[in-house]
Every structure is written in structure tokens, then in C-alpha cells.
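Please look over the sequence and the model shown here, and then read the report beside them, going back to the structure whenever a residue is named.

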Amino acid sequence: MWIPIQLNENSAEPLYHQIESQLRSLIISGQIKEGILLPSIREFAGGLNCSVITVRRVYQDLENEGLLRTKQGTGTFVAKVGDSQREIFKREAVEEALSSAVDVGISVKCEEEELKQLFLKILHSKYHSEKGEGEA
């Protein structure tokens, strides 16, 4: 199975974190369905041109979160994610991204109102350009 993970080797974000956050998002959004067999650690690492240790860490972290299940001799599968758990993961992912954005704004000395207006402008732009005018 091919998994659409895009790595940025120039990013300050560690590779394992890039892989983990993207794989988590694919599972939470339902793009990778419950019960799907993921590539072996070695196969996935080869496809991403990264270390087997990196992918092993990602799989272990996501298994600890309850998103993956490993069956000895069979492989690693996407676990059942309940609606309430999915909502918690979605909210946490968005909160983390927004918190990082606010930290950047603070670091470049943006005022609170300036950040709020910028956020609303981007929010409006994204929803009206991606979903089409009139839809929200």
C-alpha cells in the first residue's frame, strides 16, 4: 500500500514527527480506513528513504495512541477509531497547529488583534476558495 507522506528534509521538524503527524492525520480523517494493513516497517522506511528505526518509532507511538494495532507475524493494521476519539484527535491536531501559529505571531511581535484579524482573513479565504463561494 502506498501512503501519501511528504517529507521535507530541510525542515527543522524531525523526520519521525513529519511522518507521524501525517500518518495520524490520514488515519483520523478516514483516508486510511480501519483494518488496512500498513507496509512493513522495512518497506515503509525504504519508500520514504529513511531509517527503519524512524518508522518503528512512528508505528510504536501511533500504536500507543491506539491508532495502530500490530499482530505478530501478520503486520501492522489501522485500529478502530471511534467518533469521539476521532473528534479528540482532530481538535488536538488543530489546537497544536494554531498554538504554533500564535507562537510565531508572538515571536515577530504581532498584537493579539492583528493575529485575530489575520486568522479570520485566512479562514474566510480557505473556506471560500476550497469549498466554492456561498458554501461554508
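The report below begins with the whole protein, turns to its two domains, and ends with a single residue.

## The protein as a whole

This is a predicted model, and its protein has 136 residues, of which 26% count as buried. Along the principal axes, the C-alpha trace spans about 55 × 35 × 25 Å.

The secondary structure consists of 5 helices and 2 strands, and if you follow the sequence from its beginning you meet these elements in the pattern α-α-α-β-β-α-α. When contacts with a separation of 6 or more in the protein are considered, 49% of them are made by residues 24 or more positions apart.

## Two domains and their contact

The domain assignment divides the protein into domain 1, which covers residues 15-78, and domain 2, which covers residues 83-135. The contact between them takes 7 residues from domain 1 and 5 residues from domain 2, while the C-alpha centres of the two domains lie 27 Å apart.

Between them, domain 1 and domain 2 bury about 450 Å², and 60% of this area is on carbon and sulfur atoms. On the side of domain 1, the residues that lose the most area to domain 2 are Ile28, Glu65 and Leu67, which together account for 72% of what that side buries.

## The chemistry of the interface

What kinds of residue does domain 1 present on the side that touches domain 2? The residues of that side divide into 3 nonpolar, 2 polar and 2 charged.

As for specific interactions, the count of salt bridges between domain 1 and domain 2 is 0, whereas 1 residue pair in polar contact, with both residues at pLDDT 80 or more, is found across the interface.

## A closer look at Arg24

Arg24 is found in helix α1, which runs over residues 15-28. Is Arg24 buried or exposed? Its relative accessibility is 17%, and because a residue counts as buried when this value is under 20%, Arg24 belongs to the buried class.

Leaving aside residues up to four places away in sequence, Arg24 touches Leu62, Glu65, Leu67 and Phe89. With one of these residues, Glu65, there is also a polar contact, in which the side chain of Arg24 and the side chain of Glu65 come to 2.7 Å. Glu65 and Leu67, both touched by Arg24, are also among the residues of domain 1 that lose the most area to domain 2, so you may wish to find these residues together in the structure.

Methods: Residues are numbered from 1 along each chain as its sequence is written. This is a predicted model: local features need pLDDT of at least 70, side-chain atom pairs count only at pLDDT 80 or more; totals for chains, interfaces and linings use all residues. Side-chain values use heavy atoms; hydrogens and water are left out. Domain bounds come from an automatic or database domain assignment. Contact means heavy atoms within 4.5 Å. Buried area is the accessible area (1.4 Å probe) that two parts lose on being put together, summed over both. A salt bridge is a side-chain nitrogen of Lys or Arg within 4 Å of a carboxyl oxygen of Asp or Glu. A polar contact is a pair of N or O atoms within 3.5 Å; within protein, one must be able to donate a hydrogen and the other to accept it, and residues adjacent in sequence count only if both atoms are side-chain atoms. Ala, Val, Leu, Ile, Met, Phe, Trp, Tyr, Cys and Pro count as nonpolar, Asp, Glu, Lys and Arg as charged, and the others, Gly among them, as polar. Helices (H or I, at least four residues) and strands (E, at least two) are DSSP runs, numbered from the N terminus. Buried means under 20% relative accessible area, exposed over 50%, partly exposed in between (1.4 Å probe, protein chains only).
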